[in-house]
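Biologist: Good morning. I am new to this entry and would like to go through it with you.
Modeller: Certainly. Let us put it on the screen and begin.

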Amino acid sequence: MTQPGLREVEHEITVSAPAAAVYRLIAEVVNWPRIFPPTIYVDQVPEGPGEERIRIWATANGEAKNWTSRRTLDAQALRITFRQEVTAPPVAAMGGTWIIEELSAQESRVRLLHDYRVVDDDADSLAWIDEAVDRNSRSELAALKKNVEAAHAAEELTFSFEDTVQIEGSAKDVYDFVNEADRWHERLPHVATVRLREDTPGLQELEMDTRAKDGSVHTTKSYRVTFAHHRIAYKQTTLPALMTLHTGYWTFEENEGGVAASSQHTVTINTDNIARILGESATVEDAKRYVHTALSTNSTATLHHAKAYAEGIARGGKKD
């Protein structure tokens with residue numbers, strides 16, 4: 001029997017891929033920011049055989065939200081149940097099930113079930129959640145279908161890299177420099193303007209204009225999830241023309257020499273714009289090198305400015 005005030009909805013999609021492969025993709029939540037457009041970052045903590053707790057940061061109707069869920073994974077039944085443990089208002093309760101059904105050796109049906117209640121059974125809040133669940137479910141299923149069906153192509157177009165700078169200072173000071181992005185236009189020559197919002201502590205909305213080597217200015221927007229003094233994860237939602245995906249994280253690991261500060265990027269190339277940006281003869285590899293150089297140049301510059309900042313403080317200087 002349905003509980004009073006409980007809404008139950010279902011979305012489904014047919015995917016041209018084996019059911020087991022689809023299940024694995026859904027089970028591996030660390031890849032969700034690369035697969036599902038609304039997802040910014042996911043933390044995964046195993047809690048026993050088939051059980052885990054995950055923390056998800058995602059956008060809903062243009063707003064950044066975060067919640068904690070418990071999941072039960074059943075690889076044999078190709079079923080994953082989830083229940084939000086810590087919800088974000090106006091959600092009072094949220095849960096559901098992923099069900100993957102084999103249609104043939106190379107085709108499967110993915111069903112995504114949700115059940116939820118709102119705080120005080122408020123009608124406006126229920127309408128907001130109805131819209132968010134519908135929008136995100138359709139987006140997630142469409143992205144899942146696209147990702148699975150184009151897995152080989154995505155592998156060829158997606159790449160990751162990391163830059164590390166050793167700093168004779170504290171992880172806190174280096175973290176503060178990167179965390180305080182609202183001051184980047186004062187501290188980083190390649191940043192023209194910055195707009196930073198942090199309505200929820202640890203969840204930032206960052207929009208900035210950066211200058212390229214040729215003097216052109218590019219606007220990007222990102223959501224960032226911060227973990228004080230050791231990690232800042234992000235996902236760009238407004239992207240340069242040569243990318244369809246850009247996620248990454250900054251890490252700050254203390255060692256005997258101070259702190260190893262790193263910037264990691266994962267990028268997918270937008271093949272539709274290669275000729276327009278780089279010329280008719282340019283290849284995917286040319287685009288990868290171009291993007292790698294541009295991102296690495298900016299992130300390494302940021303790390304070196306953070307190094308100067310932190311080492312200045314370590315020598316007894318004042319924070320700017």
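Biologist: What is the radius of gyration of the chain, and what would a compact globule with 320 residues have?
Modeller: Please keep in mind that this is a predicted model. The chain has a radius of gyration of 22 Å, and a compact globule with 320 residues would have one near 20 Å, so the value agrees. Along the principal axes, the C-alpha atoms fill a box of roughly 65 × 50 × 40 Å.

Biologist: What share of the residues counts as buried?
Modeller: Of the 320 residues, 46% count as buried. The chain exposes about 16000 Å², and carbon and sulfur atoms supply 49% of that area.

Biologist: How many helices and strands does the chain have?
Modeller: There are 8 helices and 14 strands. One open sheet is formed by 7 strands in the order β1-β7-β6-β5-β4-β3-β2, with antiparallel pairing. Its edge strands are β1 (7-15) and β2 (39-46), each of which pairs on one side only. On average, neighbouring strands of this sheet are turned by 20° against each other, direction ignored.

Biologist: Over how many bridges do β2 and β3 pair?
Modeller: β2 and β3 (residues 51-60) pair over 7 bridges in the antiparallel sense. Pro 46, for example, has Glu 52 in β3 as its bridge partner.

Biologist: Which strands does helix α3 lie across?
Modeller: Helix α3 (residues 123-149) lies across β1, β3, β4, β6 and β7, and runs at about 15° to β1. Helix α1 (residues 19-27) lies across several strands, among them β1, β2 and β6, and runs at about 155° to β6.

Biologist: Now to the other strands. In what order do β8 to β14 form an open sheet?
Modeller: The order is β8-β14-β13-β12-β11-β10-β9, and the pairing is antiparallel. Here the edge strands are β8 and β9 (191-200), each pairing on one side only. The twist from one strand to the next averages 20°.

Biologist: And which helix packs on that sheet, touching strands from β8 to β14?
Modeller: That is α5, which touches β8, β9, β10, β11 (217-227), β12 (231-238), β13 and β14 (258-269). The direction of α5 makes about 155° with that of β13. Helix α8 (residues 284-314) also packs on the sheet, touching β8, β13 and β14, and its direction makes about 20° with that of β8.

Biologist: Is α5 mostly covered or mostly open?
Modeller: Helix α5 (residues 171-179) is mostly covered, with 8 of its 9 residues buried. Among the buried residues are Val 174, Tyr 175 and Phe 177.

Biologist: Let us turn to single residues. Why does Thr 158 count as buried?
Modeller: Thr 158 has a relative accessible area of 17%, so it falls under the 20% limit for buried residues. Thr 158 is in strand β8 (residues 158-167).

Biologist: With which side chain does the side chain of Thr 158 make a polar contact?
Modeller: The partner is the side chain of Thr 268, at 2.7 Å. Leaving out residues up to four places away in sequence, Thr 158 touches Arg 34, Thr 266, Val 267 and Thr 268.

Biologist: And Glu 253, is that buried or exposed?
Modeller: Glu 253 is exposed, because its relative accessible area of 52% is over the 50% limit. Glu 253 is placed in strand β13 (residues 243-255). Apart from neighbours within four places in sequence, Glu 253 is in contact with Gly 258, Val 259 and Ala 260.

Biologist: How far apart are Glu 253 and Gln 166 in sequence and in space?
Modeller: They are 87 residues apart in sequence and 9.7 Å apart in space, C-alpha to C-alpha.

Notes: Residues are numbered from 1 along each chain as its sequence is written. This is a predicted model: local features need pLDDT of at least 70, side-chain atom pairs count only at pLDDT 80 or more; totals for chains, interfaces and linings use all residues. Side-chain values use heavy atoms; hydrogens and water are left out. Helices (H or I, at least four residues) and strands (E, at least two) are DSSP runs, numbered from the N terminus. Buried means under 20% relative accessible area, exposed over 50%, partly exposed in between (1.4 Å probe, protein chains only). A polar contact is a pair of N or O atoms within 3.5 Å; within protein, one must be able to donate a hydrogen and the other to accept it, and residues adjacent in sequence count only if both atoms are side-chain atoms. Contact means heavy atoms within 4.5 Å. Two strands pair if DSSP finds at least two bridges between them. Axes are lines fitted to C-alpha atoms, for helices over the stretch in contact, and angles run from 0 to 180 degrees between N-to-C directions. The radius of gyration is taken over C-alpha atoms; the globule rule is 2.2 Å times the number of residues to the power 0.38. Accessible areas come from the Shrake-Rupley method with a 1.4 Å probe; for residues, only the protein chains shown count as cover.
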